[in-house]
Amino acid sequence: MILSFLSEDIAPNQNQLETKRIKITAYTTIICIFLCVVFGAGFFIYNIFPLNFIFAFFAVVHFSTWRICMAGFSRVAKIVLYFSLLLQVLSMSASLGSEMDLKVFYIPIAIIPFIIFGKNERPLFNISILFTLLNIAIIYTLDKYKISLPAPNISLGVNQWINTAFNLTAIFCMIFLANLFLSLSELGETLLFEKSNQLKEQQSLLSAQNRELEKTKSELERLNSVKDRLLSILSHDLKSPINNIQAITELILEEKIQKEEIKAVALKFKESSIHTKQLLDNLVNWSSTHLTNHSPDPKNICLKELIDNVFYYTGYLAKNKNVKLTNSIEANTLVWCDYDMMEITFRNLILNAIKFSHSGQEVIAYASQKNSKIQVTIEDHGIGIPDVMLNQLFEPNISKTRLGTNSEKGSGIGLLLCKQLINANDGNIYVYSTPGIMTTFSVELPISRN
């Protein structure tokens, strides 16, 4: 485990801070080599023993450290660099004794662990600080008890020269290391700022993804609701007319119906087929608007012709119920809308008006211009709509089906479909009713475009 820790190489994905620390280790080693060569050469020239051999020896040590660092064994290089500096100062102090104050070197040396050891090298940092304190204690002990290795007699002038050179070197090293420490701190702040921005971007992305998921969830819930509603209508409202058709067909095949009854049965067939077709049209269009992004294809539409076509389609039911259909819309009234969508819309509204009218009453269609809109109104004088139901007509989750004046049934989706188709054509729908007197459905559509 220890060998693994010491031999850790530079990983391919090494972070920028660790890369910076490795470069600082290499720069510091180069400075140490330079200082050892310069001082060593001077001490050899003036034959100052043993400082000349001490600096020559540690020049080789620092060069080896630099080679180790360049070979990729950065952690080993950091350890060798720091402890060789401690040993070099200790050997110099032991050689010169109290004549030289070398404790000034411990200020730059104490800075080094803070800039070369990273977060994952905390044990080495702690050990280096401990050995630094131990080194200082040893030097103070040597000074106190005047303990030193045999050294030559150094003149006062040389002594001052060496002391001044060492002080200037210590100051230079402090400035150099402080600058490296500052650059490391600035890099850390830059990386922290970039990381903060990345986290903000990730949070923003996650928030957008969460919103998209919520939107998708809501859409799935809505589609599931549409499916349930569709299946419910298919299973209940279509079953009855199909069963009636089947029963009447069997009676005809078994010749249990008299000839004079055939016309009445055929009329029932026609009425049932109209109701069934209307229901199927509503179901198809209602499910289409919910399950697909069906967009309208607007054109200039003659409103009078549109209502005439709807009256033609619904005329049989109105005649059978003795309800008069009146189209009071002027021939030059044009609107901008999708013809098929509005044909379905007004068919539903007019069929509802017939459904809730009594025999002998009238359903009227008329139009007027309101600013940039044409307001089309379908008016009947039937049973009206109760106030409680009036405010819930266009609520999707509330059942609004009720029997007509001749017990006609409905699916409960006609008005919902009308509102969706009208909204898709940039229109609005309004309803007013007085129970027992009258009901009006007013549809506002964009006026025609030239």
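**Group meeting: helix H6 and the five-stranded sheet**

I will start with a single residue, Phe131, which sits in helix H6, residues 122-144. Please keep in mind that this is a predicted model.

How exposed is Phe131? Its relative accessible area is 37%, so Phe131 is classed as partly exposed. Together with Ile127, Leu130, Leu134 and Ile138, Phe131 makes a nonpolar patch on the surface, with an area of about 430 Å².

Now to Thr132, another residue of helix H6. Is Thr132 buried or exposed? Thr132 has a relative accessibility of 5%, and because the cut-off for buried is under 20%, Thr132 counts as buried. What does Thr132 touch, if we set aside the neighbours within four places in sequence? The contacts are Tyr82, Leu86 and Tyr106. To put the two residues side by side: Phe131 is partly exposed, and Thr132 is buried.

Next, the chain as a whole. The protein chain has 13 helices and seven strands. Of its 450 residues, 41% are buried. The exposed area of the chain comes to about 25600 Å², and 60% of that is supplied by carbon and sulfur atoms. On contacts: taking those with a separation of 6 or more, 77% are between residues 24 or more positions apart.

That brings me to the sheet. Five strands make up an open sheet with mixed pairing, and the order is E2-E4-E5-E7-E6. Which strands stand at the edges? They are E2, residues 324-327, and E6, residues 428-434; each has a single partner strand, so on one side each lacks a neighbour in the sheet. On average, and ignoring direction, neighbouring strands here are turned by 15 degrees against each other.

As a general reminder, the strands of a sheet pair through backbone hydrogen bonds, in either a parallel or an antiparallel way. For the edge strand E2, the partner is E4, residues 362-370; the two run parallel and are joined by four bridges. If you want a place to look in the structure, take Lys324, whose bridge partner in E4 is Glu362.

Last item: what lies across this part of the sheet? Helix H10, residues 303-321, lies across E2, E4 and E5, the last of these being residues 373-380. Relative to E2, helix H10 runs at about 175 degrees.

To recap, we have a nonpolar patch that includes Phe131, a buried Thr132 in the same helix, H6, and an open, mixed sheet of five strands with helix H10 across E2, E4 and E5. That is all from me.

Methods:
Residues are numbered from 1 along each chain as its sequence is written. This is a predicted model: local features need pLDDT of at least 70, side-chain atom pairs count only at pLDDT 80 or more; totals for chains, interfaces and linings use all residues. Side-chain values use heavy atoms; hydrogens and water are left out. Buried means under 20% relative accessible area, exposed over 50%, partly exposed in between (1.4 Å probe, protein chains only). Contact means heavy atoms within 4.5 Å. Accessible areas come from the Shrake-Rupley method with a 1.4 Å probe; for residues, only the protein chains shown count as cover. Patches are made of residues with over 30% relative accessible area and no salt bridge: like charges are joined within 9 Å, nonpolar side chains (Val, Leu, Ile, Met, Phe, Trp, Tyr) within 5 Å. A salt bridge is a side-chain nitrogen of Lys or Arg within 4 Å of a carboxyl oxygen of Asp or Glu. Two strands pair if DSSP finds at least two bridges between them. Axes are lines fitted to C-alpha atoms, for helices over the stretch in contact, and angles run from 0 to 180 degrees between N-to-C directions.
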